[in-house]
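Dear colleague,

I am handing over the structure we spoke about, and my notes on it follow below. Please read them with the model open beside you.

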Amino acid sequence: MPKMLSEAQVEQYRSEGFVCPLDALSVEEAAEFLARMEDLENREPDLWVRSKIKPHLLMLWLNDLMRNSNILDAIEDVLGPDIMAWATGHFDKKPHDPSFVTWHQDGTYWGLSEPSVVTAWVALTPSNRENGCMRVIPGSHHKGQLPHRDTDNKNNLLSRGQDVEVDVDEDQAVDLELRPGQVSLHHTMLIHGSKPNFSDTRRLGITIRYVAAHVSQTSGFRDSATLVRGTDKYQNFIAEPRPRWDFDPDAVEFYNEIVAESRRRKDAIAADHQNRQELLKATTKL
Ligand SMILES: O=C(O)CCC(=O)C(=O)O
């Protein structure tokens, strides 16, 4: 029996690559996480510049959020009992923000051994069609890894502006609308993106990337993760310290090493990916 999802939602995740919406946090709990985040933003103006890749190593509120038992119950329903939190991030669009996200598959530059990788997208504000909610192409995860190209637009929220290099039929896109505290899950190979914020309200989503404990990093670079449920009998990742407080110096030291390694890894994987583009383009069509 699934713990959080219905049998139909487990089946939807398998067949369509996403589930939405899930009532993981109450509106009040979401507001509390948002307040903790905003308090830190007010004290640290460069907060998100300083903590781009694994901010849960630096911010206590985010480390707490990724251990939320309802979210983990939903993740367990699709990944099984042994779960590592591998990465976190924030996708923020202020009112009338032109920021957008190109159509992409998450796993493209991650170097992970297999697609037992799920993102929980946690809404800390309303996320809807008007303010640029996430959009997905149902079933596109069955296509496997598709070719991507890097693009250069300062309003693209993705670090490389990666854009899937196949025609995406926008008529198939599903809007993942959420109220604060609700969560969507999406598969690492699902094509997704989002439009700008055309509204007067902020749209803020926190991404938590979970992997099954048997997944490993294949790029040859060192990688880390936090065991958040079950046991880690594989030890494929360096165990991450839990910060005792925001910007705990021990966690910062660990963070700096892992982030440097992660940048080298992404660059190496991107270079390798470019080399394989023509071959992939010739053999795939959406
Ligand atoms: O929040 C968005 O608009 C996009 C999120 C995204 O691309 C992701 O979770 O990988």
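**The ligand and its surroundings**

In the side chain of Ser-194, an N or O atom lies 2.6 Å from an oxygen atom of the ligand. Taken alone, the ligand exposes 290 Å², and 100% of that is buried by the protein. Please keep in mind throughout that this is a predicted model.

Two further polar contacts belong beside that of Ser-194. The side chain of Asp-106 has an N or O atom that is 2.7 Å from an oxygen atom of the ligand, and a polar side-chain atom of His-104 is found 3.3 Å from an oxygen atom of the ligand. In total the ligand is surrounded by 13 residues, and the closest of them are Asp-106, Trp-121, His-192, Ser-194 and Arg-203.

**The sheet of 4 strands**

Ser-194 also has a place in the strand pairing, since Met-134 stands opposite Ser-194 in S10. Strand S5, which covers residues 134–136, is joined to strand S10, residues 192–194, by 3 bridges, and the two strands run antiparallel. They belong to an open sheet of 4 strands in the order S3-S10-S5-S8, where the pairing is antiparallel. At its edges are strand S3 (101–104) and strand S8 (174–175), each of which pairs on one side only.

**The cavity**

How many cavities of 30 Å³ or more are there? The count comes to 1, and the space in this largest cavity is about 110 Å³. Its lining is made up of 14 residues, and those nearest its centre are Phe-91, Val-101, Trp-121, Met-134 and His-192. Strands S3, S10 and S11 are the elements that give two or more residues to this lining. By class, the lining of the largest cavity divides into 5 nonpolar, 6 polar and 3 charged residues. Trp-121 and His-192 are worth selecting in your viewer, as they are listed among the residues closest to the ligand and also among those nearest the centre of the largest cavity.

**The sheet of 7 strands**

The second open sheet to look at has 7 strands in the order S1-S9-S4-S11-S2-S12-S13, and its pairing is mixed. Its edge strands are strand S1 (18–23) and strand S13 (238–239), and each of these pairs on one side only. Within this sheet, S2 and S11 run antiparallel and are joined by 10 bridges, with His-90 standing opposite Ile-206 in S11.

Two backbone details may deserve a check before you prepare the model for any calculation. The peptide bond that joins Cys-20 and Pro-21 is cis, with omega at about -5 degrees, and Pro-21 has its place in strand S1. Gln-235, although it is not a glycine, has a positive phi of about 55 degrees, and this residue lies in the loop between strand S12 (224–229) and S13.

**The pockets**

Which residues come closest to the centre of the largest pocket? The space in the largest pocket is about 1,000 Å³, and of the 32 residues that line it, Lys-52, His-90, Leu-157, Leu-158 and Ser-159 are the closest to its centre. His-90, then, is both one of these residues and the residue that stands opposite Ile-206 in S11. Strand S2 (83–93), strand S11 (203–212) and helix H6 (249–283) each supply at least two residues of the lining, and the largest share, 7 residues, comes from S2. Sorted by class, the lining of the largest pocket holds 10 nonpolar, 9 polar and 13 charged residues.

The second largest pocket contains about 260 Å³ of space and is lined by 16 residues, among which Gly-107, Thr-108, Gly-111, Leu-112 and Gln-145 lie nearest its centre. Here the most is given by H6, with 4 residues, and the lining of the second largest pocket divides into 6 nonpolar, 7 polar and 3 charged residues. Helix H6 therefore deserves a place in your selection for both pockets, because, with helices taken as DSSP runs, this element supplies at least two residues to the lining of the largest pocket and 4 residues to that of the second largest pocket.

With kind regards

Technical notes. Residues are numbered from 1 along each chain as its sequence is written. This is a predicted model: local features need pLDDT of at least 70, side-chain atom pairs count only at pLDDT 80 or more; totals for chains, interfaces and linings use all residues. Side-chain values use heavy atoms; hydrogens and water are left out. Two strands pair if DSSP finds at least two bridges between them. On a 1 Å grid over the protein atoms alone, a cavity is a set of points where a 1.4 Å probe fits but cannot get out, and a pocket is an open set with protein on both sides within 12 Å along at least five of seven lines; lining residues have an atom within 4 Å of a point. Grid points are joined across faces, edges and corners, and a volume is the space filled by probe spheres set on the points. Ala, Val, Leu, Ile, Met, Phe, Trp, Tyr, Cys and Pro count as nonpolar, Asp, Glu, Lys and Arg as charged, and the others, Gly among them, as polar. A residue is near a molecule or strand if one of its heavy atoms lies within 4 Å of it. A polar contact is a pair of N or O atoms within 3.5 Å; within protein, one must be able to donate a hydrogen and the other to accept it, and residues adjacent in sequence count only if both atoms are side-chain atoms. Accessible areas come from the Shrake-Rupley method with a 1.4 Å probe; for residues, only the protein chains shown count as cover.
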